[in-house]
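Welcome! Please take a moment with the sequence and the 3D view below before reading on.

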Amino acid sequence: MHTPSFVPRKVTLAVAVTLAGMVLAACSSSGTSAATNPTAAATASSAKKGLTVYFIPKDTQNPYEVIADKGGQRALQELGGKVVISSGTADTAAAQIPSIQAAIQAHADAIVIAGNDPSALCPSLNQAAQAGIKIVSFDSDISCGSSPSHLFINQANTEQIGTSEVDLLANEIGSTGQIAILSAAASATNQNAWIGYMKQELTKYPNMQLVTTVYGNDDPATSLTVLQGLLSAYPNLRGIISPTTVGISTAAQYLDTHKSLLANLTLTGLGLPSQMKSYVHDGTVKEFELWNPDNLGYLAGYAAAGLASGSASTQTGSTFTAGTLGSYTVLAPTSTTGASVVLGPPTVFNAANVDQFDF
Ligand code: RAM
C-alpha cells in the first residue's frame, strides 16, 4: 500500500480530525493564523473603504463557486466595501468576458476571477489592468505572462491535490485496475494542473492504468452523460477520480441508484461535504477531499482589497493579512501557477468526520 508522497494520509486525516468542529481556517504553510496572531484583523483594516470588487466565478450556478463568492462578500463586508458577482452559466472564457467588460465600465477596484481557460481572458484582463483594476485569480489560475500582473489564490498545493487523489484511490482499490478521470471543462487550468500531477503520481502504480479522461464541464447533465459513456466503454473500470464537486456529486448520485456497480467500482475526488455526506454514510463513497471554499473566497477578497489599497503586492515574499485567516506570504510563480498564496492543505472526508463541516 502506498502513502501519498507529499503529505502522509494519516497526517492529513489527523488535520481533518483536529479541525473538526471548528471553522476550517487553515492557513498556508507560509501563513500565520489569526489564532496565533490576534492583531491580524486589526491590521487588515488598512484596506481602503468603499472598494468594489467584481467576483467572476467559473459560472454562477455551481454550488462550489456560490460558496466561494459568499466568502468574498464576507471579506468585503468586513472591509466596508462591496462585491459584485458576475459570470455566465457555462464554464467558458467567452461567457466571462462580458463580466470583465462590466467591471471596466463600473470602474471596479479589483477583479477576482476563476479562469475557465488559461489565456483566452488575458486581452480583456489586460484592458482592465490598464484601466487601473487589480487582478486576482482564484480556484483556477490564468496564464497571461507578465501582463497583466496578477495574484493567484490557490486552494491548496497543486501537486498535493493531484497526487493525494491518486493515492486515495490506489489505497481503496489495492493499486490495481483500470481507472478514469471525470473532469470539468477541458480548458480549466486547475483541473488540468491537477490531472498533470495525477499522471505523474500514477507512474508509482504500474498496475493502475488511466484509460481516459472525460469532461462534464461542471454541468450535472453533461457530467452524467459522459459518466454513462465511460461506464459502457470500460465495463472493467475499477476506479473514477472526479476532481470537481459537480462531477463527483453527479457520479455519486448515479452510483447510489446503480449500487451493483459498486461491487467493482470506487469513486473519489474533490467534493463538498454537504453534497457528499449521504453517499458516504450509505457506503457509495468512502473518502474524498476538499478545502473550505468560503475561506478561499474570503482570502481572495482580502487579497483583492489589499492590492487595490496598496497594502498587498504580487512580489514574492511580500505578506498581507486576510482578516480572521491571518497572514499570508506571496509565493514565487511555479510551472503551474503565477505568483500565488496557498489557502492550506486539503482535508480528507470520510464517515468519521463528514458531518462536521458546513460547506
Ligand atoms: C468544481 C470546480 C472548481 C473546483 C472544485 C473542486 O466545483 O471545477 O473549479 O475547484 O470543483
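The report that follows walks through the core, the ligand site, the charged pairs and a few backbone details.

## Before you start

Keep in mind that this is a predicted model. Residue numbers start from 1 along each chain, as its sequence is written.

## The nonpolar cores

A good place to begin is the inside of the protein. The largest nonpolar core holds 80 residues. Which of its members touch the most other members? They are Phe138, Ile153, Ile240, Trp291, Leu299 and Phe320. Helix H11, which covers residues 293–309, supplies the largest share of this core, with ten residues. Two domains take part: domain 1 (28–156 + 292–343) and domain 2 (158–289) each give at least three residues to this core.

There is also a second core, separate from the one just described, with 17 residues. Among them are Ala103, Leu121, Leu125 and Cys144.

## Around the ligand

Next, find the ligand in the view. There are 16 residues around the ligand, and the ones that come nearest are Lys58, Asn62, Asp139, Asp218 and Thr245. Two of these names return when you look at individual atoms. In the side chain of Asp139, an N or O atom is 2.6 Å from an oxygen atom of the ligand. For Thr245, a polar side-chain atom also lies 2.6 Å from an oxygen atom of the ligand. Gln191 makes a contact too, with a polar side-chain atom 3.1 Å from a ligand oxygen.

How much of the ligand does the protein bury? Taken alone, the ligand exposes 290 Å², and the protein buries 100% of that.

Asp139 is worth a second look, this time for its backbone. The backbone oxygen of Asp139 lies 2.8 Å from a polar atom of the Gln155 side chain. Gln155 sits in the loop between S5 and H6. With a relative accessible area of 0%, Gln155 is buried.

## Charged pairs

Now for the charges. Side chains of opposite charge can pair when their charged atoms come close. Across the whole structure, a search finds four salt bridges. One of them joins the side chains of Glu201 and Lys204, at 3.1 Å from N to O. Are these two partners buried or partly exposed? Glu201 counts as buried, because its relative accessibility is 2%, under the 20% limit. Lys204, at 33% relative accessibility, counts as partly exposed.

Two other salt bridges share Lys259. Asp256 pairs with Lys259, and their closest N and O atoms are 2.6 Å apart. Asp282 pairs with Lys259 as well, with the closest N and O atoms 3.5 Å apart. Which parts of the chain does the pair of Asp282 and Lys259 tie together? Asp282 lies in the loop between helix H10 (273–281) and strand S10 (288–290), while Lys259 lies in the loop between helix H9 (245–256) and strand S9 (266–269), so the pair links parts that are 23 residues apart in sequence. Through these shared partners, the salt bridges join Asp256, Lys259 and Asp282 into one network.

Each member of this network is partly exposed: Asp256 has 23% relative accessibility, Lys259 has a relative accessible area of 40%, and Asp282 has 34%.

## Backbone details

Finally, follow the backbone itself through some of its loops. Which two residues are joined by a cis peptide bond? They are Ser147 and Pro148, where omega is about 0°. You can find Pro148 in the loop between strand S4 (134–138) and strand S5 (151–154).

Positive phi values in residues other than glycine are another detail to look for. His107 is not a glycine, yet has a positive phi of about 55°. Look for His107 in the loop between helix H4 (93–105) and strand S3 (110–113). Ser175 is also a residue other than glycine with a positive phi, near 55°. The loop that holds Ser175 runs between helix H6 (158–172) and strand S6 (177–183).

Are His107 and Ser175 buried or exposed? His107 counts as exposed, because its relative accessibility of 68% is over 50%. Ser175 counts as buried, because its relative accessibility of 16% is under 20%.

Terms used. Predicted model: local features only at pLDDT ≥ 70, side-chain atom pairs only at ≥ 80, totals over all residues. Heavy atoms only, no water. Core = buried A, V, L, I, M, F, W, Y, C linked by side-chain atoms within 4.5 Å. Buried < 20%, exposed > 50% of the residue type's maximum accessible area, 1.4 Å probe, protein only. Helix = DSSP H or I, 4+ residues; strand = E, 2+ residues; numbered from the N terminus. Domains from an automatic or database assignment. Near = heavy atom within 4 Å. Polar contact = N/O pair within 3.5 Å; in protein donor to acceptor, adjacent residues only side chain to side chain. Areas by Shrake-Rupley, 256 points an atom, 1.4 Å probe, with all protein chains shown as cover.
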